[in-house]
Amino acid sequence: MHYFQYKNGQLHAEDIAVADLVYEYGTPLYIYSATTLKRHYKAFDSAFEGIDHLTCYSVKANSNLSFLKILAQEGAGTDIVSGGELFRALRAGVDPKKIVYSGVGKKVVEIQEALFADILMFNVESVQELERINEVAAGLDKVARVSLRINPDVDPKTHPYVSTGLKENKFGLSRPDALKAYALAKSLPNVEPIGMDCHIGSQLTQLSPFMEALDKLKEFHGQLLEMGIKIKYMDLGGGLGITYNEETPPHPEELGKALVESLKDLDVTLILEPGRVIAGNTGILVTEVQYTKTNEDKTFVIVDAAMNDLVRPSLYGSYHRIASVREGNGEEMTADVVGPICESGDFLAKNRTFPKVGQGDLLAAFSAGAYGFVMSSQYNSRARAAEIMVEGDKHVVVRKREVYNDLVALEEDGLACIGRLK
Ligand code: LLP
């Protein structure tokens, strides 16, 4: 459930007409609904009420400071994967004791920063990383709390680019390797194994892969107990899918019920790292039609948003619902919605039927709150879009539209230095 609905023939973001926001801020424009964000967080978190748990929002889905601030105020922790995400989470006021740090490539300086911040734990993905964390912690005279990420070899039944829990994926350690790594962790003086972790993929639309992974983790938990290792945290990662088109993913409540039931006899705190299910339907990307053209085969609607603004359709062939901001009069068209970038892969939708639009009309791409702006770039020297947050009848700019100077701001020194190459 989200708060982007039609009223009086006009798409609204909560109580504000999208067209009014466009009048003020232009296009392309990301618009987020704060009420939807809070609602999604609460719906997710309350689904696990039956068990000790911590919801660590996955910052990569949408890392805008305003998002993180709202979620921190709601009591969320965060799942981070870089020094930059740690910086954002701390800046937004997230409690460091609720931060878990995932990712296969943590650098020394990033480990140091996280140790200084005293985060809850590192989700460790290799033996070398474990040894590095031990060394870095020793250098700072600290003990790092760690979880080992287990690759359970479970098929998440999703797009291959966002599957992470198969043995062909780069993530985590196989169970036999993880057992050895726990034994090593136990012997190292500056790491303390307090958890186990896995994340099998993203946009999961079935419950069974989660349960399969959990069964494997529970069995592993038993093996750890036999080795005298008692862990406090069981981190199941994120991955719950949303409806972009016709998918019917389980509701968080369904996942909650199943996990709580399965974990009730284990003395662990459950950690979850949801990203998309919290952020996905909190945002839309609004774009203006520049031109339309029709050849013998098809019609193109050329808009001012492109793959640099929303790359998911180009990268994964993802579906985003496209709708006209002004409700149609029943007349429809079938077209490719394409951007101005000089690549045929630059499209928001292909062969899509929607209310007929023409030059100057506005279109909205739905479900753009997760993996939307965060994956944007300046390709083709396109300044990034503005981001607006709406709550009720109020709105605020949460990231200004970039201007041409932003495109070259970091290059100006380069310009001055070019003479030195001679
Ligand atoms: N935890 C870890 C360790 C992850 O790698 C991810 C996502 C999450 C949590 C959050 O997963 P979620 O709940 O959002 O599914 N750019 C892709 C998605 C990449 C997801 C990467 N990892 C897309 O646009 O579909």
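1. With 20 C-beta neighbours inside 10 Å, E14 counts as buried, where buried is taken to mean that 20 or more other C-beta atoms lie within 10 Å of the residue's own, exposed that 12 or fewer do, and partly exposed anything in between, with C-beta atoms placed from the backbone. The residue sits in the loop that joins β2 (10-13) to β3 (16-17), the helices (H or I, at least four residues) and strands (E, at least two) being DSSP runs numbered from the N terminus. Phi of E14 is near 50 degrees, a positive value in a residue other than glycine.

2. On provenance, this is a predicted model, in which local features need pLDDT of at least 70 and side-chain atom pairs count only at pLDDT 80 or more, while totals for chains, interfaces and linings use all residues. Residues are numbered from 1 along each chain as its sequence is written.

3. A second backbone point of this kind is S381, a residue other than glycine whose phi is positive and near 50 degrees. S381 belongs to the loop between β18 (362-365) and β19 (386-391), and it is exposed, with 9 other C-beta atoms within 10 Å. A reviewer may also wish to inspect the peptide bond from T27 to P28, which is cis, with omega near -10 degrees; P28 is placed in the loop between α1 (18-25) and β4 (29-33).

4. The chain is divided into domain 1 (4-32 + 280-409) and domain 2 (34-279), with bounds that come from an automatic or database domain assignment. The C-alpha centres of domain 1 and domain 2 lie 32 Å apart, and the contact between them takes 22 residues from domain 1 and 20 residues from domain 2, two residues being in contact if their C-beta atoms, placed from the backbone, lie within 7 Å. On the side of domain 1 that touches domain 2, β19 and β20 (394-399) each supply at least two residues, and β19 gives the most, with four residues. The residues of that side divide into 10 nonpolar, seven polar and five charged, where Ala, Val, Leu, Ile, Met, Phe, Trp, Tyr, Cys and Pro count as nonpolar, Asp, Glu, Lys and Arg as charged, and the others, Gly among them, as polar.

5. S33 is found in strand β4 and is buried, with 25 other C-beta atoms within 10 Å. Leaving aside neighbours within four places in sequence, S33 is in contact with H2, Y3, F4, A13, E14, T282 and V390. S33 and I284 are 251 residues apart in sequence, and their C-alpha atoms are 9.0 Å apart in space.

6. The shell around the ligand holds 21 residues, of which S202, G238, G275, R276 and Y371 come nearest; a residue is near a molecule or strand if its C-beta atom, placed from the backbone, lies within 6 Å of it. The elements that give two or more residues to this shell are α10 (276-279) and α11 (312-316). By character, the shell divides into seven nonpolar, 10 polar and four charged residues. Domain 1 and domain 2 both give residues to the shell, so the ligand lies between them.

7. Helix α2 (residues 34-46) has 13 residues and reaches 18 Å from its first C-alpha to its last, close to the 18 Å expected at 1.5 Å a residue, the expected span being 1.5 Å times one less than the number of residues. In α2, the residues A34, T36, L37, H40, Y41, F44 and D45 are buried. Seen down the axis of α2, these buried residues fall within an arc of 160 degrees, so they line one face of the helix; the arc is that of the directions from the helix axis to the C-beta atoms. What covers them includes β4, β5 (53-58), α3 (65-73), α9 (252-263), α10 and β19.

8. Helix α8 (residues 208-226) has 19 residues that should span 27 Å at 1.5 Å a residue, and its end C-alpha atoms are 28 Å apart, which agrees. Its buried residues are P209, F210, A213, L214, L217 and F220, and they cover an arc of only 125 degrees around the axis, which puts them on the same side of α8. On the other side of α8, E219, G222, L225 and E226 are exposed. The cover over the buried residues of α8 includes α7 (175-187), β10 (191-197), β11 (233-235) and α9. α8 is followed by G228, whose phi is positive, near 80 degrees.
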